[in-house]
Amino acid sequence: MINIVHSSLEAAQLQHLPHAVVAFSRDFDYDQLLATHSHPRGQLLYAAEGVMQVRTAHGLWVIPPQRALWVPCSLAHEIRMLSAVRLRTLYIRPHESELIGAECRLLEVTPLLRELILALLKEESDSESGYDLRGRGGHLAQLILSEIDGAAAIPVVIPWPADRRVVAVCEAILADPGNANSLEHWAGFAGASPRTLIRLFPKETGLHFRHWVQQVHITDALLRLSQGEAVERIAERLGYKSASAFTSMFRSVLGKTPSQYGGLARRHIAADSMLQRAKKIE
C-alpha cells in the first residue's frame, strides 16, 4: 500500500516570498508518494539522505544524495520515495529559473552546494518571514545560484511513453532492469507484434528499444555506484556477460567509466563525512 502525501501548506506559502531562492525541508518514509503537482517556481529537488524517483509525463529519474533534479516552473511531477528520505529542496523564482533552463536536468551536487542548502535552511528557520535579503541569507542564495549554474549535468533520463502497450513493457523492465528477455518476448507480453513494438518505442520515447533499456541500465548503475556497489556486481545484476562489456556501454553513453563515477561518489561521501566531523568539533 502506497502512502500518499500531498504538498504541504508551508511549501505552497514559500512560492510567494520575494526571495530569489527559498529552501524547504521535510522527512519522508519509504514508499511515500508526493502525488502529481507543480510549483510556480522552479525546483532543485535534492535529498540530503535517501533516494527519490521523480516522474513527469515524459520522463523518469532516480536521484541519490549526490545528485539533484532541476524541475522547471509549473512542470507537473510526482515523487516516490525509494527509501527513507530527508528532503532538502530549493524553490527558485521564475526569473532566475529561466536562466537555469526550461528542461529537467540531472545535476551533480557538490559538498559545497549541499552545505549552502543546509545553511540557507538554518537562516530561514531563524526568521518567520524569511531570511534577510541583504544579509547572510541573501549572500547564500546568490552563491547557491552560482553553484547550480556551474553544476555538471548528467545526460541520463528514462523517457516515458503514453501508449499502454509500451507502458506495460517499460514498467516491467524498470521493475527488473537485469531481465534479459528478448524484444519478441516483450511484444507478446504487450499484446503486440515485434514490428509494432519496434515502431512504437521511438515514436513514444524518442529512443529505439535497445537504447531505452540502456538508459534504464545506466540509471540503475548510477544508483548502485552511489551506494558503493562494485562494478563487477552491477554488471552481473544487469545481465552483462562481463564487467568490460558493461563498462564499454556505460562509457559510450556518459563518456566516463563506472569506476570514475564510483570514485566521484566515494569522494562526495568522504567530503561529507569530514564536514560532519568538523561540525562536531565546533
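Exposed, as the word is used on this tour, means over 50% relative accessible area, and buried means under 20%. The model you have open is a predicted one.

Begin by selecting helix α5, residues 164-175, whose 12 residues should span 16 Å at 1.5 Å a residue, a value with which the 16 Å between its end C-alpha atoms agrees. Within α5, colour Val166, Val169, Cys170, Ile173 and Leu174, which are its buried residues; because they cover an arc of only 130° around the axis, they lie on the same side of α5. Turn to the other side of α5, and there Arg164 and Ala175 are exposed. Now add the elements against which the buried residues of α5 pack, namely the strands β6 (52-55), β7 (59-63) and β13 (158-159), together with the helices α6 (183-190), α7 (194-205) and α8.

Keep helix α8, residues 209-226, in view, since with five residues this helix gives the most to the lining of the largest pocket. That pocket has a volume of about 290 Å³, and of the 17 residues that line it, Asn179, Ala180, Val213, His217 and Leu238 are the closest to its centre. Colouring the lining by residue class will show nine nonpolar, six polar and two charged residues.

Finally, select Pro94, which belongs to helix α2, residues 94-100, and which counts as partly exposed because its relative accessibility is 35%. Leaving aside neighbours within four places in sequence, Pro94 is in contact with Pro40, Arg41 and Cys73. A distance drawn from the C-alpha of Pro94 to that of Gln43 should read 10.0 Å, although the two are 51 residues apart in sequence.

Key:
Residues are numbered from 1 along each chain as its sequence is written. This is a predicted model: local features need pLDDT of at least 70, side-chain atom pairs count only at pLDDT 80 or more; totals for chains, interfaces and linings use all residues. Side-chain values use heavy atoms; hydrogens and water are left out. Helices (H or I, at least four residues) and strands (E, at least two) are DSSP runs, numbered from the N terminus. Buried means under 20% relative accessible area, exposed over 50%, partly exposed in between (1.4 Å probe, protein chains only). Contact means heavy atoms within 4.5 Å. On a 1 Å grid over the protein atoms alone, a cavity is a set of points where a 1.4 Å probe fits but cannot get out, and a pocket is an open set with protein on both sides within 12 Å along at least five of seven lines; lining residues have an atom within 4 Å of a point. Grid points are joined across faces, edges and corners, and a volume is the space filled by probe spheres set on the points. Ala, Val, Leu, Ile, Met, Phe, Trp, Tyr, Cys and Pro count as nonpolar, Asp, Glu, Lys and Arg as charged, and the others, Gly among them, as polar. The expected span of a helix is 1.5 Å times one less than its number of residues. The arc is that of the directions from the helix axis to the C-beta atoms.
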